[in-house]
Amino acid sequence: MFEVRRLRLLRELAAHGTIAAAAEACALTPSAVSQQLALLEREAHTTLFIRDGRRLLLTEAAHVLVAHTEIILAQMERARAEVSALEQGVRGTVRLGAFPSAAGAIAAPAIAACQAYHPDLNVELGEQEPEQSLVELRARRIDVALVYEYNLLPRLPHAGIELRPVIREPVLLALPPRHPHAADEGARPLAALRDEHWVAPRRDDSLRTVLERACEAAGFNPRFDFTSDDYSVVLALVQAGLGVSLVPRLVVEQLAADVTLRPVEDLQLTRTVSIAVRAGSGGDPAINALVLALRRAARQD
């Protein structure tokens, strides 16, 4: 008989690759994770890991266990959801993680709607980037997340997670209002901006990578003269005529910046915003109520 908590640790090891990363994801010490995985290996009566430097490579037997673990955990979530559905009304606490622009544009009106229609439902909101939200979701530290994916980048890891797309928005060229390329309507070629000063996010590695790849596809490496962790600063620098940038439409709309937006010519750049829940948990009345409110808020955006 396998213990579910040990199977969870095996799943996190498969997702993160090292004992230290799996321990961080599960809020445990590396030694505690190592001990539990050693016990799981004894329960399995077979080799589950092969050490390769700091990483543990999973054997075929371990991958079989991980696949069954996803099924087991999804079934447990469905069981919890069905039990919760037997109660009268929508009540309890739902924890929501959202990246900053979605927290203001989508999460805020959705939470207000939940308070109006379900007074016994409490929604807790925390700002998190998508990768961290998925870690917190898998660890059951949050219940719902708003995440995003760029079309130029690999998809987010979503084993055990259900993604429900709600917005597919363009990533647009942000220009100062008096920039020569701002005068004409329509798409602008990135190659024509090779000599510009570029403003880039500092910690948003996803968008920064999209910017770099888009410019490389246009035949040049962008010169980053200004970087910031704050998108209001990024857009203020563009508005002041100090540079140009690439930003998702939702960011500009949320901050109401006075910049000119133009599509990029010959290159489709998009960001898809999705609602993420644990597989099997969507039938929980409280989670379902928040998901429905988020979908409505996204449609009104």
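In helix 6 of this predicted model, the buried residues are Pro 130, Ser 133, Leu 134, Val 135, Glu 136, Leu 137 and Arg 138. Helix 6 covers residues 130-138, and because seven of its nine residues are buried, the rest of the structure largely encloses it. After helix 6 comes Arg 140, which has a positive phi, near 65°.

From that helix one can step back to the chain as a whole. The chain holds ten helices and eleven strands, and its C-alpha atoms fill a box of roughly 70 × 55 × 30 Å when the box is taken along the principal axes. The chain has 301 residues, of which 47% count as buried. When the contacts between residues at least 6 apart in sequence are considered, 75% of them join residues at least 24 apart.

The aromatic side chains offer one example of how distant parts of the chain are linked. Over the whole structure, a search finds three aromatic pairs. One of these is formed by Phe 99 and Tyr 148, whose ring centres are 4.8 Å apart and whose planes stand at 85°, so the pair is edge-to-face. Phe 99 belongs to the loop between strand 3 and helix 5, while Tyr 148 belongs to strand 5, and the two residues are 49 residues apart. Phe 99 has a relative accessibility of 2% and therefore counts as buried; Tyr 148, at 4%, counts as buried because the limit for that class is 20%. Tyr 148 also pairs with Tyr 150, again edge-to-face, with 5.4 Å from centre to centre and 70° between the planes. Tyr 150 is itself buried, at a relative accessible area of 4%. Through these ring pairs, Phe 99, Tyr 148 and Tyr 150 are joined into a cluster. A charged side chain adds to the surroundings of Tyr 148, since Arg 271 lies over the face of its ring, at 4.9 Å from the ring centre.

Empty space in the model can be considered next. In general, rolling a probe the size of a water molecule over the atoms shows where such space is left. The largest pocket has a volume of about 530 Å³. Its lining is made up of 25 residues, and those that lie nearest the centre of the pocket are Pro 100, Glu 129, Asp 204, Asp 229 and Tyr 231. Several elements each supply at least two residues of this lining, namely helix 5 (100-117), strand 5 (144-150), helix 7 (205-217), helix 8 (231-239) and helix 9 (249-255). Sorted by class, the lining of the largest pocket consists of ten nonpolar, six polar and nine charged residues.

The second largest pocket contains about 290 Å³ of space. It is lined by 20 residues, among which Ser 84, Arg 91, Thr 93, Asp 284 and Ala 286 are the closest to its centre. At least two residues of this lining come from each of helix 4 (60-85), strand 3 (92-98) and helix 10 (285-300). In the lining of the second largest pocket, six residues are nonpolar, five are polar and nine are charged.

Besides the pockets, the search of the whole structure finds one cavity of 30 Å³ or more. The space in the largest cavity is about 100 Å³, and 13 residues line it, with Arg 11, Leu 73, Ala 74, Glu 77 and Arg 278 lying nearest its centre. Helix 1 (4-16) and helix 4 are the elements that give two or more residues to this lining, and helix 4 gives the most, with six residues. The residues that line the largest cavity divide by class into four nonpolar, one polar and eight charged.

A last stop is Leu 261, which is found in strand 10 (residues 260-262). Its relative accessibility is 24%, and Leu 261 therefore counts as partly exposed. Leaving aside residues up to four places away in sequence, Leu 261 touches Leu 172, Leu 173, Ala 174 and Val 252. The C-alpha atom of Leu 261 is separated by 9.0 Å from that of Val 247, a residue 14 residues apart from it along the chain.

Technical notes. Residues are numbered from 1 along each chain as its sequence is written. This is a predicted model: local features need pLDDT of at least 70, side-chain atom pairs count only at pLDDT 80 or more; totals for chains, interfaces and linings use all residues. Side-chain values use heavy atoms; hydrogens and water are left out. On a 1 Å grid over the protein atoms alone, a cavity is a set of points where a 1.4 Å probe fits but cannot get out, and a pocket is an open set with protein on both sides within 12 Å along at least five of seven lines; lining residues have an atom within 4 Å of a point. Grid points are joined across faces, edges and corners, and a volume is the space filled by probe spheres set on the points. Helices (H or I, at least four residues) and strands (E, at least two) are DSSP runs, numbered from the N terminus. Ala, Val, Leu, Ile, Met, Phe, Trp, Tyr, Cys and Pro count as nonpolar, Asp, Glu, Lys and Arg as charged, and the others, Gly among them, as polar. Rings of Phe, Tyr and Trp (its six-membered ring) pair if their centres lie within 6.5 Å; planes under 30 degrees apart count as stacked, over 60 as edge-to-face and the rest as tilted. Buried means under 20% relative accessible area, exposed over 50%, partly exposed in between (1.4 Å probe, protein chains only). A charge sits over a ring if NZ of Lys or CZ of Arg is within 6 Å of the ring centre and within 35 degrees of the ring normal. Contact means heavy atoms within 4.5 Å.
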